[in-house]
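Please read the following report alongside the sequence and the coordinates. It begins with the question of confidence and then turns to side-chain arrangements.

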Amino acid sequence: MNLPAALNLVEPLDRQTLGERAYAKLADLLISGRLAPGEKLSLRAAADVLGVSIMPVREAVSRLVADKALEVTPNRAVRVPPMSAAQFRDLTKVRIAIEGHAAAQAALHRDKGDLLSIASAEKSMQLESLSSAPDLPRAVELNKTFHFSVYEAAHSPILVEIIRALWLKAGPVINLDLRANPERLAKGDAIRFHADVRRAIASGNAAAALKGIEADIGGAADFILSRGGLAD
């Protein structure tokens, strides 16, 4: 049977699906701070953990390199890009601008389901913070869940996609730091800011929602910069 030439460019569906899954899993490792800035990633080890061949992992890594979430060093090693303090400050400013806008839009466009999701995410992280022995990896996941429940309430898929790209870069710094420093959770600043954001969105107050996200992101960034762990 003669096939149209264009079909030669179509990848098999199963391979395409595995590549997407590998990308999602590796992206989650970055967003959740399970990979640190400067840490190398073994494609073979990743393939073994994910239970796939190396090809889907290679495809996923290529996408993440294009996203600038990973980089290839001169000796061909794949690693999480190191981040300087100046780069982190720049990233923080952009996150505040875009994520603050998303929170403001959420206050204007949220529906009943969004409010329930936001309240549930906020309550779960609050309960974790009150635990005598908080599960920090779970707290990181709950923090991410809260933020994205807010951003998805803006009902703008493009906006959420942009924010996810920002978290691919920020996650290794902000979430690794939270996992390593439980005092951030115990202090309760994020819990207070999350409550402020939830109330603002519930009342339709866009300005207050933006202010709450700005305080949350800015407060975490100030803490990280004060520890001096980033390059000059």
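## Confidence in the model

Over residues 1-10 pLDDT stays under 50, and for this stretch the model has zero contacts beyond four places in sequence. Where pLDDT is low, the predicted coordinates should not be read in detail. This is a predicted model, and across the protein chain pLDDT averages 88, with 92% of the residues scoring at least 70.

Among the elements of the protein chain, helix H4 has the highest confidence, at 97, whereas helix H8 (residues 183-187) has the lowest, at a mean of 72.

## Glu99 in helix H4

Glu99 has its place in helix H4, which spans residues 85-109. Its relative accessibility is 0%, and because buried means under 20%, Glu99 counts as buried.

Leaving aside residues up to four places away in sequence, Glu99 touches His147, Tyr151, Ile163, Trp167, Ile213 and Ile217. With Trp167, one of these residues, the side chain of Glu99 also makes a polar contact of 3.2 Å.

## Aromatic pairs

How many aromatic pairs does a search of the whole structure find? The search finds two. In one of them, Phe148 and Tyr151 meet edge-to-face, with 5.8 Å from centre to centre and 75 degrees between the planes. Both residues belong to helix H6 (residues 136-152), where they are three residues apart, about one turn of the helix, and both are buried.

Phe148 also forms an edge-to-face pair with Trp167, for which the centre-to-centre distance is 5.2 Å and the angle between the planes is 70 degrees. Since Phe148 lies in helix H6 and Trp167 in helix H7 (residues 157-180), this pair ties together parts that are 19 residues apart in sequence. Phe148 has a relative accessibility of 10% and therefore counts as buried, and Trp167, at 1%, likewise counts as buried. Through these ring pairs Phe148, Tyr151 and Trp167 are linked into a cluster, and both Tyr151 and Trp167 are among the residues that Glu99 touches.

## Charges over rings

Two arginine side chains can be described in relation to aromatic rings. Arg63 lies over the face of Tyr23, at 3.6 Å from the ring centre, while the charged end of Arg192 sits over the ring of Phe193, 4.8 Å from the centre of that ring.

Note on methods: Residues are numbered from 1 along each chain as its sequence is written. This is a predicted model: local features need pLDDT of at least 70, side-chain atom pairs count only at pLDDT 80 or more; totals for chains, interfaces and linings use all residues. Side-chain values use heavy atoms; hydrogens and water are left out. Helices (H or I, at least four residues) and strands (E, at least two) are DSSP runs, numbered from the N terminus. Buried means under 20% relative accessible area, exposed over 50%, partly exposed in between (1.4 Å probe, protein chains only). A polar contact is a pair of N or O atoms within 3.5 Å; within protein, one must be able to donate a hydrogen and the other to accept it, and residues adjacent in sequence count only if both atoms are side-chain atoms. Contact means heavy atoms within 4.5 Å. Rings of Phe, Tyr and Trp (its six-membered ring) pair if their centres lie within 6.5 Å; planes under 30 degrees apart count as stacked, over 60 as edge-to-face and the rest as tilted. A charge sits over a ring if NZ of Lys or CZ of Arg is within 6 Å of the ring centre and within 35 degrees of the ring normal. pLDDT is the predictor's confidence in each residue, from 0 to 100.
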